[in-house]
Amino acid sequence: MAVLIAALCIPVTASAAPAGFYVSGGKLYESNGSEFVMRGVNHAHTWYQQQTSSFANIKALGANTVRVVLASGQRWTKNDTADVANVVSLCKQNKLICVLEVHDTTGYGEQSGAATLAQAVDYWLSVKSALAGQEKYVIVNIGNEPYGNQGYQTWASDTSTAIQRLRAGGFTHTIMVDAPNWGQDWTFTMRDNAASVFQADPDRNTVFSIHMYGVFDTAAEINDYLGRFRSAGLPIVVGEFGHNHSDGDPDEDTILATSQSQGIGYLGWSWSGNGGGVEYLDMVTNFDPAQLTSWGQRLFNGTNGIKATSRQATVYGGGTDPDPDPEPGACTAGYRVTGQWQDGFQAEITVTNNQTTAIDGWQVRWTFPSGQRVTNMWHAIPTQTGAEVAAANASYNARIPAGGSVTIGFTGSWSGANTSPATFALNTTTCTTA
């Protein structure tokens with residue numbers, strides 16, 4: 001039993017207050033400790049720069065994030081510092097989180113004229129003044145689909161170097177990195193090297209992005225890929241996906257359902273303006289939000305879609321559930337110390353879902369009254385800021401059925417007193433104390 005507990009223990013390390021988004025336990029958080037799950041779309045800004053109303057229209061349909069296509073100058077005309085600053089301003093005006101990506105890297109090694117990741121970093125450094133101080137609003141996606149199906153073997157080392165160059169250049173933003181193989185990672189290059197790339201980031205603030213098209217046409221493939229990241233405690237988002245593609249038929253229903261149940265962000269491709277035979281990936285026709293396509297209807301208004309699951313970032317005053325909050329008494333929490341010794345203790349928290357519906361994805365929050373610190377935890381992934389603790393579900397226990405319970409165990413340190421916390425919250429609901 002001791003060996004099992006040790007294997008499931010997750011250490012908590014102290015760090016300075018983050019400037020903006022940060023990664024902990026395989027999940028993305030805002031600077032105030034609120035978990036943030038991306039629910040949004042891609043917008044091809046660099047090719048349709050006059051379509052600035054798209055930001056408001058995307059927001060009006062419920063999105064909390066927009067991934068914006070930019071160009072570094074190798075394949076398309078460079079978006080300069082002023083334009084990048086304007087894009088950030090449009091995101092902020094419309095209460096959207098901006099994921100900014102360089103598109104020129106697409107298919108490097110196979111696509112003629114594509115930019116290298118090193119050239120993408122040069123671009124980010126050149127527009128840094130537009131991004132400085134925007135860490136609460138902007139995530140930097142270094143380069144879109146940075147390798148095709150040739151030359152991808154250097155993805156891990158090149159990506160690690162690119163991250164380190166951005167950090168050395170003063171970027172403290174959360175960084176997003178795309179998979180090779182046109183973003184679909186069918187060789188599992190990103191999957192199998194993600195841990196080392198994450199460790200190469202001195203800030204440990206990197207998110208991985210998989211693009212799901214024809215390679216991901218079965219539930220088994222989708223669940224296996226995303227589940228491996230969740231099990232490893234590594235942050236993953238579906239940075240692009242569609243309902244159909246020239247290379248096969250993605251299983252969009254499973255992509256949406258699994259992302260929702262596992263608390264994984266997703267960004268559909270794309271708002272409007274597609275060409276080259278994939279016009280069916282437009283969510284609206286001719287950038288008109290009144291003309292939703294079938295794909296747009298599915299993504300925005302369907303089961304596990306944006307409207308049903310998106311939460312506005314708390315930096316804009318959001319963070320509440322998209323549906324009405326559960327009624328009082330919707331959960332019960334019990335806390336007990338199971339062992340105590342000089343300067344240390346072991347405790348467990350059992351939370352029961354008293355609702356008539358299951359909870360998919362949870363976080364239990366409490367405040368220690370006497371300066372206690374969590375040192376290790378099992379059956380949940382902890383984040384502690386001062387006295388406040390948030391314990392997020394592990395990959396294997398994200399669902400709490402109606403009437404069901406989950407128990408979290410942990411060890412902690414104390415000095416002077418070991419007073420029990422008075423209140424506990426399950427997601428946004430304060431629980432009755434057992």
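In which sense do strand 16 and strand 19 pair, and over how many bridges? Strand 16, which covers residues 363-367, and strand 19, which covers residues 388-393, pair in the antiparallel sense, and five bridges hold that pairing. If you want one position to look at on the screen, glutamine 363 stands opposite alanine 392 in strand 19.

Before I go further, please keep in mind that this is a predicted model. The mean pLDDT of the chain is 91, and 94% of its residues reach 70 or more. The stretch to treat with caution is residues 1-16, where pLDDT stays under 50 and for which the model has 19 contacts beyond four places in sequence.

Coming back to the pair I opened with, strands 16 and 19 belong to an open sheet of five strands, which has the order 18-19-16-22-23 and antiparallel pairing. The edges of that sheet are strand 18, at 380-385, and strand 23, at 429-430, each of which pairs on one side only. As a general reminder, the strands of a sheet pair through backbone hydrogen bonds, and they may do so in either the parallel or the antiparallel sense.

The parallel case appears in the barrel, which is closed, has eight strands and runs 3-4-5-6-7-8-9-10 with parallel pairing. Neighbouring strands of this sheet are turned by 25° against each other on average, if direction is ignored. To see where strand 3 meets strand 10, look at residues 39-43 and residues 265-268, which run parallel and are joined by three bridges; within that pairing, glycine 40 has leucine 267 of strand 10 as its bridge partner.

Let me turn to the helices that lie across these strands. Helix 6, residues 155-168, lies across strand 7 (175-178) and strand 8 (206-212), and it runs at about 160° to strand 7. Helix 7, residues 189-200, lies across strand 7, strand 8 and strand 9 (236-241), and its direction is at about 165° to strand 8.

Helix 6 also has a helical partner, helix 4 (residues 117-126), and the axes of these two come within 9 Å and cross at roughly 15°. With angles under 35 degrees counted as roughly parallel, helix 4 and helix 6 are therefore roughly parallel to each other, and their crossing is right-handed. On the helix 4 side the contact includes Leu117, Val121, Trp124 and Leu125, while Ala162, Arg165 and Leu166 are among the residues that helix 6 brings to it. Sorted by class, this contact has seven nonpolar, one polar and three charged residues.

A second helix pair can be described in the same terms. Helix 8 (residues 219-232) and helix 9 (residues 252-262) have axes that come within 10 Å and cross at roughly 25°, and these helices are therefore roughly parallel to each other. Helix 8 passes helix 9 in a right-handed crossing. From helix 8, Ala219, Ile222, Asn223, Leu226 and Arg230 take part, and they meet Thr254, Ile255, Thr258, Ser259 and Gln262 of helix 9. By class, that gives four nonpolar, five polar and one charged residues.

I will finish with a hairpin. Strand 11 (residues 284-285) and strand 12 (residues 288-292) pair in the antiparallel sense over two bridges, and valine 284 stands opposite leucine 292. Two residues lie between the strands of this hairpin, and asparagine 286 takes a positive phi near 55°.

Terms used
Residues numbered from 1 in each chain as written. Predicted model: local features only at pLDDT ≥ 70, side-chain atom pairs only at ≥ 80, totals over all residues. Heavy atoms only, no water. Pairing = 2+ DSSP bridges. Helix = DSSP H or I, 4+ residues; strand = E, 2+ residues; numbered from the N terminus. Axes fitted to C-alpha atoms, helices over the stretch in contact; angles between N-to-C directions. Parallel < 35°, antiparallel > 145°, perpendicular 65-115°, else oblique. Left-handed = near helix turned anticlockwise from the far one by under 90°. Contact = heavy atoms within 4.5 Å. Nonpolar A, V, L, I, M, F, W, Y, C, P; charged D, E, K, R; others polar. pLDDT = per-residue confidence, 0-100.
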